[in-house]
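Trainee: Could you walk me through reading contacts and burial in a model like this one?
Mentor: Gladly; have a look first.

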Amino acid sequence: MNVLLAILLILAAISALGVVFSAQTIYSALSLVLTVGLLAVVFLVLNAQFLFVVQLIVYAGAVMVLFVFIIALLDPAAEDRPRLLDLRLILGVLAVAGLCTAVFIAARNNVTYDTSCTSQAATCMHGYTVGSLAATGDTTADPFHTFGFPQAAVNQAGNVQTVANQLFHTYVLPFEITSLLLLVAAIGAVYLTRRAAVGPKRDPQAEQRWKDDLVEGIE
Amino acid sequence: MLSQAMFPWLLLTAAFLFTLGALGVLIRRNPLVVFMCIELMLNAVNLALVGYSSYLNSEEGQVFAFMVIVVAAAEVVVGLGLLTRVFSIGRELDVDDLDEMKQ
């Protein structure tokens with residue numbers, strides 16, 4: 001399981017590099033399809049079957065098809081190599097390295113939210129425990145699993161049912177608001193592309209010339 | 001169930017994907033690729049959410065990842081609609097040229 005997860009994460013990171021550093025737009029899109037698909041499999045490995053299916057249908061099935069469609073429609077020219085040794089690139093690479101290091105160090109030192117945290121420990125700040133597992137070496141106490149249910153028990157009814165239970169009970173209002181968001185987005189898209197769909201005015205003379213040329217060509 | 005050993009690596013990958021997306025937004029000129037990089041950042045956040053959900057044995061991270069996917073879909077629809085509009089009035093697809101909002 002761990003080996004599979006590691007391989008998937010490495011492949012996802014490599015294909016994400018392809019998104020940013022491909023000169024051709026279509027290669028960026030295809031790399032993104034690969035990244036999204038690999039992340040979907042990661043979700044499956046992490047016991048999130050519902051999100052695996054949603055990720056495949058919405059991202060690989062709808063969003064990426066839309067992207068490829070727009071690329072085919074607009075036919076963007078290939079970029080020159082993007083701003084090598086530009087100040088922005090240097091700062092960006094520094095930011096990538098810095099944030100990755102910070103997140104990794106923080107995760108290794110077990111900075112997680114712990115509701116059972118009491119104030120007498122020096123490592124305890126505002127409910128955050130720093131390095132408690134590393135310090136005690138005690139994994140049986142496991143203060144990180146604040147929800148306290150094994151994943152198997154949580155998913156006993158099935159992952160889809162459990163997520164649906166959360167969506168339609170605890171988070172029913174945010175879920176309904178997403179429908180409003182989608183409606184607004186659909187109306188916005190229709191409004192934005194409305195006049196573009198009508199196209200240029202028709203020119204009867206040009207059409208007649210075109211027909212004449214066609215007839216000549218046949219003859 | 002995500003193991004203790006794997007969790008930092010998963011967070012590292014999520015952070016890497018996110019910052020890579022941000023880097024792409026900064027250095028790429030084509031607005032289509034900029035949108036793809038934003039999608040990459042949203043996917044990185046989803047990865048972190050699902051990873052925490054698996055690590056903490058909670059379903060809530062998956063619910064919020066679902067919301068993020070919905071927002072990403074809406075964003076793509078509006079963004080690509082804008083791009084086709086920009087293209088149809090005969091503009092070059094280059095984020096360095098599309099700077100009227102600055103003035």
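Trainee: Which residues does A:Phe50 touch, not counting residues up to four places away in sequence?
Mentor: Contacts are judged by C-beta atoms within 7 Å. In this predicted model, A:Phe50 touches A:Asn159, A:Val160 and A:Val163, along with B:Gln62 from the other chain, once residues up to four places away in sequence are left out. A:Phe50 itself sits in helix H3 of chain A.

Trainee: Is A:Phe50 buried or exposed?
Mentor: The idea is to count neighbours: 20 or more other C-beta atoms within 10 Å make a residue buried. A:Phe50 counts as buried because it has 21 C-beta neighbours inside 10 Å.

Trainee: And what does A:Leu51 touch?
Mentor: With the same sequence neighbours set aside, A:Leu51 touches A:Phe43 plus B:Val50, B:Gln62, B:Ala65 and B:Phe66. A:Leu51 and A:Phe43 are also among the residues that touch the most other members of the largest nonpolar core, which has 72 residues.

Trainee: Which element gives that core its largest share?
Mentor: H2(B), with 14 residues. The core also draws at least three residues from each of domain 1 (1-82) and domain 2 (84-153) of chain A.

Trainee: How many residues are in contact between the two chains?
Mentor: Here you count each side separately: 66 residues of chain B are in contact with 77 of chain A. On the chain B side, H3(B) gives the most, 23 residues. By class, that side has 44 nonpolar, 16 polar and 6 charged residues.

Terms used. Residues are numbered from 1 along each chain as its sequence is written. Chains are lettered from A and ligands numbered from 1 in the order in which they are written. This is a predicted model: local features need pLDDT of at least 70, side-chain atom pairs count only at pLDDT 80 or more; totals for chains, interfaces and linings use all residues. A nonpolar core is a set of buried Ala, Val, Leu, Ile, Met, Phe, Trp, Tyr and Cys residues joined through C-beta atoms within 7 Å. A residue is buried if 20 or more other C-beta atoms lie within 10 Å of its own, exposed if 12 or fewer, and partly exposed in between; C-beta atoms are placed from the backbone. Helices (H or I, at least four residues) and strands (E, at least two) are DSSP runs, numbered from the N terminus. Domain bounds come from an automatic or database domain assignment. Ala, Val, Leu, Ile, Met, Phe, Trp, Tyr, Cys and Pro count as nonpolar, Asp, Glu, Lys and Arg as charged, and the others, Gly among them, as polar.
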